[in-house]
Amino acid sequence: MKNLIHKLVTVWIALICCATATTVFAVDQQICPRYPVETVDSGLGENFEDYYALNDQLWPYWKSRGAAYQVLDPDSLDIIQQGYGSSENGCFILSEEKIPASNEIMLVLYLESLLLDHIQVRAREGNVSECNNDPFANHSGEPEYCKPIACMGIMNNLTGVEKKYVDYTCNVPELTLQALANFPSYWWHHFDPASLNYDYIVTIQHQNGCPGNTPCSNAGFVKDVSYNEIRIRIDDLTEDKYRQKFLVGHEVGHSVEEAYQKSKFGTEVYLYGGYGLLGGGPDCSSGDESHALTSLEYTSDGIMEGFAHFLSSDVYNDHNSKHGRFTYYKDDLGFPRDISLEGETTFNETEPYKSNRFAEHVCNPVIQNAGTELDWLRFFWDLHTDSSNPAGEHLSMLKLRVDAAFSGTLWHAQNGYALLEENVCSGEADVQAYQANFLNFAGSNDALGGNGVEPTGIGPGCN
Amino acid sequence: MVKQTLMKNTQKFITMHTIAVIAVAVIMTACSSTGKSFSICQEGTEDPPLELHWKELPETDSLTVLATSQLPLILRNKTTQTLFVTISVAGALDAIRDGVSLGAVIIPPLTEINVAFDLSQFNFNIVNLKFSGRIVARATARKTPEGPVEHLAYTPHAFVHMEEDKIHAYRVKPMLEKFGAGDFGNRVEGFRQWAKKRGIKLVGIGHFARNLQFSDNDGGPMEEN
């Protein structure tokens, strides 16, 4: 009996040891895909703070946050696992028991991601169509627009505990665009700025955006589909537009505004003033564009474009730095593309674009309700980065800008500033919290950091 | 004199305003045709100030068989200033990621120059490629040799492989349409067929980089407080 008990104990100990050994040696694999990204507007200028600068001798590799993936058994072509990487770092876990005996897998990496469980960001080709938006569904026979884009790679180093970084095995413009659309979408929404309560899709295309396939980049809701989709198009006329992160960030910025407006006001109609160029002399022209950073425009347009410049700048710069940069993507204005987000308070006659209150200093005449995107960019940047601002400011910045367009009086070409001021004076509490800074930064007092965007000459003020 | 200037300025303003009104009308017509949810138009249409191209591969459908392993570049300075430009080439060659520095060149304003590059400069013999090699070159331009970076340019992506003792070099269209998204030797046709049957647009296939060493910091923005 004693012997039997001894034997049973020995067997149990052996079994426990066996199980423990299995647990100890079982190594799940953490796989972290990265996008190889080439940008032509990184690391420019002196004292730049712009992140994603020249940080790699070969390719800068960006986290593929929330990227869709599938793991295939290379022998059977069976799908072993599928899903989305983490929104934080793009990584996912492949448990050891799923790894084939050959220790080799084929990894399918999609140019498509799911961020924060409700925002899809994807690169697509072709003309808009109603789609099955599940990337893992079978899309054969569907229109080109509905076919997910992916690349595949062979992986066979699935041992050891260290993270396995893998690079997308494709180099096409759509890959760069996916990376450049994905990060700003994540950045703004992970602060829950829009309090979004609905799922939506951001589709980015390397395609001319204006009617008649004329070159331009833009962003807007897709009509006549049964889900919420905002399409961003980056013009494909030149080889380098798709490699400009500030340009793509600008368009993603518009999409953030649009997502918020849909969430709060239920409309997909984006309000804009109509791009009126208002003269102001040769230094306030648009360099043959329909509008530009320093062209004199009605305030509604200056606000609209300046706010998108600001959203893009916010993605790639540190609030606490005095060397924040926005790199402008129109080269024909006669000044460097590298723009300091902190304007100089003393007018710089040699390089006027470095100064606050550009319109007031440079444009002549400045008609009422006119301004420049540059002044508005700096105004919003100052407002957002001032250390006295309340927490949760991403959402309140959107409220300030977008609520002004949709509350009460209809936004039109000339009344942008008036509606913004009305909002900061009597809008929601977290918008009113900006009041003191708003009035200082909008005015023309250099000692208060004025950007001169208040267009009436009376001076900003709340009753 | 003041009156004349005023008159002149007024005329100028009226002219500018008229042009602006016409321009706005044209744009409004264009944009409104996209419907009630028309989007934001006109961001960026101009050429870049610095360009770097593969001389033998000018178009997206370019495909050439090289006589040697030379794959020269063209550097264009479209600015009105002399630029000091350093050039490097990066290659994804099966599981190897390799970079080659081509040194520095001085390029006068509004000119273009040829820059030599030889595929044999990679630490990888392209004879051994199992999938199309992916190559991109980068130019970094300064106004002075030690000054801040003024412009960056990349070439379009080029792809290479060896076939019948000849080096084939091509752009993205032949890579996708003629060379199996990089699987020029049909080594993984089964995977490509799998993707095709599922309606996936496959834009690249090959080996992942071997032993990429990164950290969680990818150089991008940190979370804000």
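# Two chains and the contacts between them

Modeller: Between chain A and chain B, 23 residue pairs are in polar contact, both members having pLDDT of 80 or more. The model is a predicted one. Strand β8 (residues 149-155) of chain A contributes the most to the side that touches chain B, with seven residues. By class, that side of chain A holds 59 nonpolar, 28 polar and 27 charged residues.

Biologist: How many residues of each chain take part in the contact, and what area is buried between chain A and chain B?

Modeller: Contact involves 114 residues of chain A and 82 residues of chain B. The area buried between the two chains is about 8400 Å², and carbon and sulfur atoms give 59% of this area.

Biologist: What makes the pair Asp167(A) and Arg97(B) a salt bridge?

Modeller: The closest N and O atoms of Asp167(A) and Arg97(B) are 2.6 Å apart. The criterion asks for a side-chain nitrogen of Lys or Arg within 4 Å of a carboxyl oxygen of Asp or Glu. The pair therefore qualifies as a salt bridge. Across the interface of chain A and chain B the rule finds three salt bridges.

Biologist: What domains does chain A have, and how many salt bridges does the rule find across their interface?

Modeller: Chain A is divided into domain 1, covering 4-110 + 135-169, and domain 2, covering 271-463. Twelve residues from domain 1 and ten residues from domain 2 make the contact. Across this interface the rule finds zero salt bridges, and one residue pair is in polar contact, both at pLDDT 80 or more. On the side of domain 1 that touches domain 2 there are six nonpolar, two polar and four charged residues. The area buried between the two domains of chain A is about 910 Å², with 55% from carbon and sulfur atoms.

Biologist: Why is Lys399(A) called buried?

Modeller: Lys399(A) has 11% relative accessibility. Buried means under 20%, so Lys399(A) falls in that class. The residue Lys399(A) is found in helix α7 (residues 393-406) of chain A.

Biologist: How do you know that Lys399(A) is in polar contact with Glu428(A) and Asp430(A)?

Modeller: The side chains of Lys399(A) and Glu428(A) are joined by a polar contact of 2.7 Å, and those of Lys399(A) and Asp430(A) by one of 2.9 Å. A polar contact requires a pair of N or O atoms within 3.5 Å, so both pairs satisfy the distance cut-off.

Biologist: Which other residues are in contact with Lys399(A), leaving aside neighbours within four places in sequence?

Modeller: Besides Glu428(A) and Asp430(A), Lys399(A) is in contact with Tyr260(A), Lys264(A), Ala404(A), Asn423(A) and Val431(A). Of these, Lys264(A) is 135 residues from Lys399(A) in sequence, with their C-alpha atoms 9.5 Å apart in space.

Biologist: Why is Asn103(A) called partly exposed, and why is Asp165(B) called exposed?

Modeller: Asn103(A) has a relative accessible area of 21%. The partly exposed class runs between the buried limit of 20% and the exposed limit of 50%, so Asn103(A) belongs there. Asp165(B), at 73% relative accessibility, is over 50% and therefore counts as exposed.

Biologist: What makes the backbone of Asn103(A) and of Asp165(B) worth noting?

Modeller: Phi is near 60 degrees in Asn103(A) and near 65 degrees in Asp165(B); each is a positive value in a residue other than glycine. Most residues other than glycine have a negative phi, and most peptide bonds are trans. Asn103(A) lies in the loop between β5 (92-94) and β6 (105-115) of chain A, and Asp165(B) in the loop between β9 (158-163) and β10 (166-170) of chain B.

Biologist: Which peptide bond in chain A is cis, and where does its proline lie?

Modeller: The bond joining Asn364(A) and Pro365(A) is cis, with omega about 0 degrees. Pro365(A) lies in the loop between α5 (358-362) and β16 (370-371) of chain A.

Biologist: What is the secondary structure of each chain, and what share of its residues counts as buried?

Modeller: Chain A has ten helices and 16 strands, and 63% of its 463 residues count as buried. Chain B comes to three helices and eleven strands, and 49% of its 225 residues count as buried.

Terms used
Residues are numbered from 1 along each chain as its sequence is written. Chains are lettered from A and ligands numbered from 1 in the order in which they are written. This is a predicted model: local features need pLDDT of at least 70, side-chain atom pairs count only at pLDDT 80 or more; totals for chains, interfaces and linings use all residues. Side-chain values use heavy atoms; hydrogens and water are left out. Domain bounds come from an automatic or database domain assignment. Contact means heavy atoms within 4.5 Å. Buried area is the accessible area (1.4 Å probe) that two parts lose on being put together, summed over both. A polar contact is a pair of N or O atoms within 3.5 Å; within protein, one must be able to donate a hydrogen and the other to accept it, and residues adjacent in sequence count only if both atoms are side-chain atoms. Ala, Val, Leu, Ile, Met, Phe, Trp, Tyr, Cys and Pro count as nonpolar, Asp, Glu, Lys and Arg as charged, and the others, Gly among them, as polar. Helices (H or I, at least four residues) and strands (E, at least two) are DSSP runs, numbered from the N terminus. Buried means under 20% relative accessible area, exposed over 50%, partly exposed in between (1.4 Å probe, protein chains only).
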